[in-house]
Amino acid sequence: MITLHYIYDPLCGWCYGAAPLLKAARQVLDVQAHGGGMMIGANRQRVTPQLRAYVQQHDTRIAQLTGQPFGQAYNDGLLHDTDAVLDSEPPTAAVLAADAIAGRGLDMLTQLQTAHYVDGRRIAERSVLIEVAAKLGLDASAFAVALDSQQGEAVHHHIQATRRLMAQVAARGFPSFVLNIDGVLHNIDIAAYLGDPQAFQDWLFRQADIAERNTELFRNVDGCGT
C-alpha cells in the first residue's frame with residue numbers, strides 16, 4: 001500500500017548525511033533501495049588534491065546540517081590516499097549481495113558509509129567489502145560468493161533500472177526519496193528534514209495513516225456497492 005523508494009549512491013556525501021532519515025523511515029514503513037551508480041565506469045575517480053578540496057567543502061556543510069561525523073581516518077587518511085579509487089559499482093554490488101543472502105542490504109549500506117566516511121576504508125575493494133560484511137555479522141564465505149554473483153551484469157542491470165526510475169520521477173540526484181502510495185509516486189523534498197529525523201518520521205507516520213484511512217474508506221464504499 002505504501003513504500004518508500006530510496007535512491008542512493010554509497011559514495012554520495014549527502015546520502016551519508018541523510019542516513020538518519022533512512023533509519024527513521026525504516027522504523028515506519030517498507031524501504032526499497034535503488035543504487036544509481038554515481039561513480040561508475042568513466043566517472044570513477046582517483047583521489048586527487050582537487051577532488052579532496054571539492055569533497056571537503058561539501059562534507060563541512062553536510063556535517064553542519066546533519067551532525068553526521070566525518071572521521072580523522074577519512075579526512076587525513078583516505079582523502080590523501082592518491083592510490084584510492086572511488087568506484088560506486090563494488091559497494092552497490094555489496095548492498096545487493098547482503099540483501100540477497102540475508103535481506104540486509106540497507107544495513108550493509110549503513111555499514112559501508114561508516115567504513116568510508118568514518119574509518120577511511122577503500123570500499124571499492126573486494127577484501128574490504130568482505131570485512132565490512134563480516135563486521136555486520138554476515139557469513140564471510142557466503143557473502144563473497146553472493147558479491148561475485150552481483151558484480152558485472154547484475155549490478156549494471158540494477159543501476160539501469162534505478163536510472164529509469166529516476167527518469168520516471170524526475171529525480172535530480174542523490175539522495176532521492178520517493179513515496180509510493182497505492183502505485184502513485186510522490187517525490188519528497190527532504191531538505192527541511194536534514195538533521196531532524198524525528199520530524200521526518202512523524203511526517204511519514206501521517207502519510208501512512210492517511211493512506212490507511214483512504215484504503216479503508218474505499219474498502220467500505222466498495223462493500224456498500226456489492
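**Strand pairing and helix packing around β1**

In this predicted model, His 5 stands opposite Val 178 in β5. This pair is a convenient place to enter the sheet. His 5 belongs to strand β1 (residues 2–8), which runs antiparallel to strand β5 (residues 176–181), and 6 bridges join the two. Another pair in this ladder brings together Leu 4 and Leu 179, the latter being the bridge partner in β5. Val 178 also has a partner in β6, namely Asn 187. The strands β5 and β6 themselves pair in the antiparallel sense, over 5 bridges. Turning to β2, β1 is joined to this strand by 6 bridges as well, but here the two run parallel. Within this parallel pair, Ile 7 is found opposite His 34 of β2.

Taken together, these pairings belong to an open sheet of 4 strands, in the order β2-β1-β5-β6 and with mixed pairing. The edges are formed by β2 (30–35) and β6 (184–188), each of which pairs on one side only. On average, neighbouring strands of the sheet are turned by 25 degrees against each other, with direction ignored.

How many residues of β1 are buried? The count is 7 of its 7 residues, so that β1 is mostly covered. The side chains can be followed along the strand in two sets. Ile 2, Leu 4, Tyr 6 and Tyr 8 point one way from β1, whereas Thr 3, His 5 and Ile 7 point the other way, and all are buried. Thus His 5, introduced above through its place opposite Val 178, is in the set with Thr 3 and Ile 7.

A helix also meets this sheet. Helix α2 (residues 19–26) lies across β1, β2 and β5, and runs at about 140 degrees to β2. The helix has a second partner in α6, and the geometry of that pair can be given in the usual terms. Two packed helices are described by the angle between their axes and by the distance between the axes. For α2 and α6, the angle is about 160 degrees and the axes are 11 Å apart. The value makes α2 roughly antiparallel to α6, because angles over 145 degrees count as such. The crossing of α2 past α6 is left-handed. From α2, the contact is made by Ala 19, Leu 22 and Arg 26, and from α6 by Leu 106, Asp 107, Leu 109 and Gln 113. By class, the residues of this contact divide into 4 nonpolar, 1 polar and 2 charged.

Helix α6 (residues 105–117) packs in turn with helix α7 (residues 126–136), at an angle of about 120 degrees and with the axes 10 Å apart. This angle makes α6 oblique to α7. The crossing of α6 and α7 is right-handed. Asp 107, Met 108, Gln 111, Leu 112 and Ala 115 of α6 make the contact with Leu 129, Val 132, Ala 133, Lys 135 and Leu 136 of α7. The residues of the contact of α6 with α7 fall into 7 nonpolar, 1 polar and 2 charged. Asp 107 is a link between the two descriptions, being listed in the contact of α6 with α2 and in that of α6 with α7.

The loops next to β5 hold some backbone features worth a closer look. Most residues other than glycine have a negative phi, and most peptide bonds are trans. In the loop between α9 (153–169) and β5 lies Pro 175, and the peptide bond leading to this residue from Phe 174 is cis, with omega near -5 degrees. Ala 170 is found in the loop between α9 and β5 as well. Although Ala 170 is a residue other than glycine, its phi is positive, near 60 degrees. Is Ala 170 buried or exposed? Ala 170 is exposed, with a relative accessible area of 55%.

Beyond β5, Asp 182 is placed in the loop between β5 and β6. Asp 182 also has a positive phi, of about 50 degrees, although it is not a glycine. The residue belongs to the hairpin of β5 and β6, which has 2 residues between the strands.

Note on methods:
Residues are numbered from 1 along each chain as its sequence is written. This is a predicted model: local features need pLDDT of at least 70, side-chain atom pairs count only at pLDDT 80 or more; totals for chains, interfaces and linings use all residues. Side-chain values use heavy atoms; hydrogens and water are left out. Axes are lines fitted to C-alpha atoms, for helices over the stretch in contact, and angles run from 0 to 180 degrees between N-to-C directions. Angles under 35 degrees count as roughly parallel, over 145 as roughly antiparallel, 65 to 115 as roughly perpendicular and the rest as oblique. A crossing is left-handed if the near helix is turned anticlockwise from the far one by less than a right angle, and right-handed if clockwise. Contact means heavy atoms within 4.5 Å. Ala, Val, Leu, Ile, Met, Phe, Trp, Tyr, Cys and Pro count as nonpolar, Asp, Glu, Lys and Arg as charged, and the others, Gly among them, as polar. Two strands pair if DSSP finds at least two bridges between them. Buried means under 20% relative accessible area, exposed over 50%, partly exposed in between (1.4 Å probe, protein chains only).
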